[in-house]
Every structure is written in C-alpha cells, then in structure tokens.
Amino acid sequence: VFFSMYNIGFDVGSTRRISFLLVLCSTLLGMSPKSITTGLSLGSSTIVVGLNAALQKRFILSGDESKLVPGDVHRASSVEFGIGGKGQDVAIALSCLASKDSKKEESDKLLLAQFVGSGAEGDTVMDLLERRLGNTLLYGEEEGEDSESDAKVRGLTVRPMSQMRTCTTIVASDCATELVEPSGLVEEDELSQLMDRVEQLATLGDGDSGSREAADAICIMGSMPPGCPVETYADLVERAADKDSLCLIDSVVGLEPLLRVLAAKKENSDDQSGANVLKVNLAELCKMANVSEKGDKRELVVSSVQGFLSEFGPDAGVALSHIAITDGKDPAHLVEILGPQTNGSTSPSFRVWKIGVPDLGSTGGQLLYPIGAGDTVAAGTLAAWKYLHQHGEEKIGRVVGSLVGERSGKVLSSRKSEFGGFGGNLGLAFSFGLACASASCLQQENSVFEVDTALELLSEMPQPTSIHE
C-alpha cells in the first residue's frame, strides 16, 4: 500500500525513497529498520566495480579484406554486438568459471557495481548482461523471487541519464584495433545512489547486532566516467571492505587515495587475513614510475617496481602484498612486497618472479580476439586467489563462497604445493589468470572462455622463475 501511495517506479534511482519507506514501515509495525531488509547484504560476496561500461561492437574482416590497411575502404564480413567495460568483462569471465552444479550455499554472491547509460545502447547492454549473467549475478536475485523490479533495487546497477558509449573493435587477421568513444557524464546524485546502495548493503544485514558487513573480495576495474571524483574508488572500498577482505586493483585511476585507505585498514588492525594486489601492464607501470620502456626486460621490471614504490610512497608498500605485471604475449611478472629494507631505504624490499604465458602460435592461423584478455587475467587471478585463500592456512574468519567450479578447484588444490615458493597463493592464482586470458583469446566474445581450455593451458605453463631477490 505504501509503495503504491508513494508511486515508486522500482529502479535503482529510487534508493532514497525506498530507504525512507523501510524506516516508515518498520516504525508503524513496531520493528527495527534492520529487521526489514532487501534479502541481500555484503557478507560472503564479491563486488566487481566496473563504473565505465560500454556497448562492444565487433567489426570483423575476412577473406580478401582480412588485413587492416590505413586509408583503405574495408567491408566487414560480419558485425557483432556484445558487452564492453573492464568490470563487465570480469563479471562475464567469472560467470564462465562458476560451476552450474555448485551447491547454492557454497556459491559466491557476485555483485556488479556499474553505471549503465541510457538510450538504446544502454538497454542493449542491460539485456546482454541479463542473458549472460542472469539476475542472480547481476542483481543478487534469489530463486523463488518473482519481482524483477525488486531485484533491480537490490543490485548495484545505476542508470545515468547520459547515453551509453560504444567501443568498436576492428578484428583483422594481423591485428585488432579498438576505437573507444568518450563516456557520458555521471551526475552527483547518480553517484550518490551507488554509494548509498553500497552503504545500505553494509548496514542492513540480517539481525540487530548493529555491526557492519564487508565483502569477502572486491575487484576495482578500469577508469571512471566523467563526474566521478578521484576518491570514488577509495570511498567504495571504505564502505565495502574491511581488514579481512581481498582486494584486486586493475586501475591506475584514483590509485593514490585508494592505497591510502587500504594502508590505513592494515595499519589499524593487528589481526587481519586480507590482502591487496595491484594488477597492471608493464607499460602502465613504467609510466607511473617515470621509467623508460626501453632496455633489458629484467632491469626494466625491477626499475619500474622500484620507481613505483618510490613514487607512491609508504602507502604502496603497506597496502600492497603483490604487484601482478602483464606484458601481452610476453612473459608476465609477479612481485612480492616483503617490507622495509634493512639498509635504511624508505622503499620496501621485494622479489620478482617471471611467469611464461601460453603460446597461442600453434592455433593454425586461427583469428585471435585479445580484447578483454587483460580483464580475464584479473577475473581468473581473483577467483583462484580467493579459492586458495579460503582453502589454505590463511582463514578469512567468516563463511565465504567460491568463485570457481569443482574442476578448477581440484586442479588448484593439487598444484598448490608446486607454487609454494613462488609468491605463495598469488603465484598459482596469477598463472591461472594468465591461462584463462589465453583461452579467452580463442573466443570472439570479450572475456568468454572454455574452462577446460584454460586448465589445459595451465598444465603446459612452466613454473615461475626468480629474477630478483
């Protein structure tokens, strides 16, 4: 009755009115506001933050037109549409890893925090996301619920007034070229809707204890649309994570305030099991470290890590346990940050391992689709990291769900001892993420892959080798 009288259109933009009605209804019924919940909270969840979504358009060349020649006219053999955006790619890759036959109580609650713009492009992205992820992953809808609108209220999707951008990939036999449109503006009240919703999920969990809930893992992906302050990621982590949360960062935007928040969480607690990793490609790391990309690769990796830790100060050394560095088809590198040096240097000491990536050159001339592969690295790494963290000696201290299915879990468990001396859980998790990314290059759709292919590629990868102690 109250919802009808208040004439609410059930969308994410109604957050403040719904919060008001929850309090009003609870007061009239003699109940505490916490006893009326939306059925979802942050506990036992993984949040993927992808604020810069896009409609992905693939313009595919084949036959005589298979090579991209600047200045020439190109006619596509086919045009396909899909989902774009780094956070959205991660959610899709995680959906590929999820086991369809997993028991409900053992599966992870995946929440996708995102802005999906208006217009036909935005509606198309929402439709594609629902088809790919389903309401359970996209909105947190539980089985047996028949209110689609209520499910949308409970999710972390906000539909800004600005139009959704389109990213176009020209897929040729010799390369893939990406054309990226500018993002639409996110207004202040639209950003507030997302922040309010995260806060609501953290404080409206079951029970009346008054304690906050936090996500088991949070994944920060990519750039932010115009209108989001540089502190946006830091504010989201402040609300959604705690000392026991795992945090994977795949963004160079808003990094300084984010590292400051993560460092404070670690410094303010003596008892913690959470950790934070920065996933970054080598070119980005060199740029942040003010290091030239030329020269010997080993020296380049070491000097860029040193420059980054120096540039971002003590917060980086305190906040981060590892840095996972990708370099396209070339070997990746995993950095383990050890702590303060004994020689009086203000930068922490670290060690580095080189990790070979699967060779896709034996695919018989098959077209490769690398767009979204870096995001698949993040997804596979986070899923394996959380699984190994959950099933190892390090305990999170609360009930957690799994992001990987039974097959992947068995492989990860069986190979854990092999990677014990190579960056701990992150050595194996990062290798698994690289295998997932290589498998995704064989599929046209961004970040979609076959789990069996990823596991086969993982079995062919050599153990990491130390290049710096």
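Reader: Which residues lie nearest the centre of the second largest pocket, and how many residues line it?

Author: This is a predicted model, and in it the second largest pocket is lined by 49 residues, with Pro370, Gly372, Ala373, Gly374 and Asp375 lying nearest its centre. Helix H3 (86-97), strand S7, strand S10 (275-281), strand S11 (322-327), helix H12 (373-391) and helix H14 (425-440) are the elements that each give two or more residues to that lining.

Reader: What volume does that second largest pocket have, and how do the residues of its lining divide into nonpolar, polar and charged?

Author: The volume of the second largest pocket is about 1,200 Å³, and the residues of its lining divide into 21 that are nonpolar, 17 that are polar and eleven that are charged.

Reader: You mentioned H14, so what about Ser431, is it buried or exposed?

Author: Ser431 has its place in helix H14, and because its relative accessible area is 1%, which falls under the 20% limit, Ser431 counts as buried. From C-alpha to C-alpha, Ser431 is 9.5 Å away from Leu334 in space, although the two are 97 residues apart in sequence.

Reader: OK, now the enclosed spaces. How many cavities of 30 Å³ or more does the structure hold?

Author: The structure holds three cavities of 30 Å³ or more, and the largest cavity contains about 100 Å³ of space. It takes 15 residues to line the largest cavity, and Asn52, Ala53, Phe115, Gly117 and Gly184 are the closest to its centre. By type, the lining of the largest cavity divides into eight nonpolar residues, six polar residues and one charged residue.

Reader: And the second largest cavity, which element gives the largest share of its lining?

Author: Helix H8 (255-267) and strand S10 each supply at least two residues of that lining, and the largest share, three residues, comes from H8. The second largest cavity has a volume of about 80 Å³ and is lined by twelve residues, with Asp242, Lys243, Ser245, Lys266 and Asn276 nearest its centre. Its lining divides into four nonpolar, four polar and four charged residues.

Reader: Changing topic to strands: in what order do the four strands of the open sheet stand?

Author: The order is S3-S2-S6-S7, and the pairing in this open sheet is mixed. Strand S3 (78-84) and strand S7 (176-180) stand at the edges and each has a single partner strand, so one side of each is left without a neighbour in the sheet. From one strand to the next, the twist averages 20°.

Reader: Do S2 and S3 pair in the parallel or the antiparallel sense?

Author: Strand S2 (residues 54-60) pairs with S3 in the antiparallel sense, over seven bridges, and one residue pair to look for is Ala54 with its bridge partner Gly84 in S3.

Reader: What about S9, how many of its residues are buried?

Author: Five of the five residues of strand S9 (residues 246-250) are buried, so S9 is largely enclosed by the rest of the structure. Leu246, Leu248 and Asp250 point one way from S9, while Cys247 and Ile249 point the other way.

Reader: Why do they point two ways like that?

Author: In a regular strand, the side chains alternate between the two faces of the sheet.

Reader: Which strand pairs with S9 over five bridges?

Author: Strand S8 (residues 217-221) pairs with S9 over those five bridges, in the parallel sense, and Ile218 stands opposite Cys247 in S9.

Reader: Helices next: how far does H6 reach from its first C-alpha to its last?

Author: Helix H6 (residues 188-203) has 16 residues and reaches 22 Å, close to the 22 Å expected at 1.5 Å a residue. Its buried residues include Leu191, Leu194, Val198 and Leu201.

Reader: Last thing, where does Asn290 lie, and what value is its phi near?

Author: Asn290 lies in the loop between helix H9 (282-289) and helix H10 (297-311), and its phi is near 55°, a positive value in a residue other than glycine. Most residues other than glycine have a negative phi. Ser447 also has a positive phi, near 65°, and is found in the loop between H14 and helix H15 (451-460).

Reader: Are those two residues buried or exposed?

Author: Asn290 counts as exposed at 60% relative accessibility, whereas Ser447 counts as buried at 1%.

Technical notes:
Residues are numbered from 1 along each chain as its sequence is written. This is a predicted model: local features need pLDDT of at least 70, side-chain atom pairs count only at pLDDT 80 or more; totals for chains, interfaces and linings use all residues. Side-chain values use heavy atoms; hydrogens and water are left out. Two strands pair if DSSP finds at least two bridges between them. Axes are lines fitted to C-alpha atoms, for helices over the stretch in contact, and angles run from 0 to 180 degrees between N-to-C directions. The expected span of a helix is 1.5 Å times one less than its number of residues. Buried means under 20% relative accessible area, exposed over 50%, partly exposed in between (1.4 Å probe, protein chains only). On a 1 Å grid over the protein atoms alone, a cavity is a set of points where a 1.4 Å probe fits but cannot get out, and a pocket is an open set with protein on both sides within 12 Å along at least five of seven lines; lining residues have an atom within 4 Å of a point. Grid points are joined across faces, edges and corners, and a volume is the space filled by probe spheres set on the points. Ala, Val, Leu, Ile, Met, Phe, Trp, Tyr, Cys and Pro count as nonpolar, Asp, Glu, Lys and Arg as charged, and the others, Gly among them, as polar.
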